[in-house]
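Hi everyone, thanks for making time. I'd like to walk you through one model today, so let me put it up on the screen.

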Amino acid sequence: MALLMDDDEDDQHKHFNYDKIVEQQNLSKKKKKKLLKKRGEQEVDVSDSRFQALFTSHLFNLDPSHPSFRKTKSTQSIVAEKQRRRAQQATEAGAQQGSEQEAPTAKKAAMDPSVSLLVKSIKSKTQQFHSRRKFKLKREF
């Protein structure tokens with residue numbers, strides 16, 4: 001009887017809308033997918049312990065160059081968290097090393113002229129390859 005008389009708690013009980021149900025049933029598959037994507041965009045909780053392997057194992061690295069990679073809020077948050085953790089580990093490792101100066105010597109070794117020439121050569125060849133590929137794609141259309 002109390003439920004019948006209690007009109008103040010309408011916010012707690014959500015009633016269905018028959019028109020909306022019928023409308024959603026009549027949508028095409030594409031429109032249903034779009035609606036699900038809009039509703040389904042949830043951000044990943046990066047502090048959840050179930051996702052630790054994403055940040056610790058190289059087997060679960062995200063590859064943005066892969067054709068099936070989609071840039072979403074979730075993937076961006078995962079990448080940002082992984083970068084943040086790497087930076088934090090680097091600062092902790094630097095603090096543990098104390099007064100040892102191993103990092104500057106590693107940079108000097110990487111600045112070897114033959115290595116830098118090799119890197120420049122590879123970069124220029126990849127740029128040429130991509131520009132040719134774009135040109136061919138434009139000509140085909």
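Let me start with a question: among contacts in the protein between residues at least 6 apart in sequence, what percentage join residues at least 24 apart? The answer is 53%. Keep that in mind, since I'll come back to some pairs that sit far from each other along the chain.

Before we go on, a word of caution: this is a predicted model. Across the protein the pLDDT averages 78, and 74% of the residues score at least 70. Confidence also varies by element. Helix H4, residues 52-56, has the highest mean pLDDT, at 88, while helix H6, residues 102-110, has the lowest, at 53. So please take H6 with a pinch of salt, given that mean pLDDT of 53, on a scale that runs from 0 to 100.

Okay, the overall picture. We have seven helices and zero strands, so reading along the sequence you just get α-α-α-α-α-α-α. The protein has 141 residues, and 9% of them count as buried.

What does the record say? An unreviewed UniProt entry carries the annotation "domain: NUC153" over residues 48-75. In the model, that stretch is 29% helix and 0% strand, and its end C-alpha atoms lie 15 Å apart.

Now for the largest pocket. It holds about 170 Å³ of space. Which residues line it? On the list are Leu54, Phe60, Asn61, Leu62 and Pro64, and then Ile78, Val79, Lys82, Gln83 and Arg86. Sorted by class, that lining has six nonpolar, two polar and two charged residues. The element that gives the most to it is helix H5, residues 73-97, with five residues.

Let me zoom in on three residues, starting with one from that lining. Asn61 sits in the loop between H4 and H5. Is Asn61 buried or exposed? Somewhere in the middle: its relative accessibility is 39%, so Asn61 counts as partly exposed. Its C-alpha is 8.9 Å from that of Val79, which is 18 residues away along the chain. Val79 is also on the pocket list.

Next, Ser74, over in helix H5. Why does Ser74 count as buried? Because its relative accessibility is 13%, and the cut-off for buried is under 20%. Ser74 and Val46 are 28 residues apart along the chain, with 9.2 Å between their C-alpha atoms.

Last one: Thr56, in helix H4. With a relative accessible area of 63%, Thr56 is exposed, because exposed means over 50%. The C-alpha atoms of Thr56 and Arg85 are separated by 9.4 Å, and those two residues are 29 apart along the chain.

So that's the tour: seven helices, a largest pocket with five lining residues from H5, and three residues at 13%, 39% and 63% accessibility. Thanks, and I'm happy to rotate the model for anyone who wants another look.

How values were computed
Residues numbered from 1 in each chain as written. Predicted model: local features only at pLDDT ≥ 70, side-chain atom pairs only at ≥ 80, totals over all residues. Heavy atoms only, no water. UniProt positions renumbered as here; feature names shortened; annotations may be inferred. Helix = DSSP H or I, 4+ residues; strand = E, 2+ residues; numbered from the N terminus. 1 Å grid on protein atoms, 1.4 Å probe; cavity = no way out; pocket = protein on both sides within 12 Å on 5 of 7 lines; lining within 4 Å. Points joined across faces, edges and corners; volume = space filled by probe spheres on them. Nonpolar A, V, L, I, M, F, W, Y, C, P; charged D, E, K, R; others polar. pLDDT = per-residue confidence, 0-100. Buried < 20%, exposed > 50% of the residue type's maximum accessible area, 1.4 Å probe, protein only. Contact = heavy atoms within 4.5 Å.
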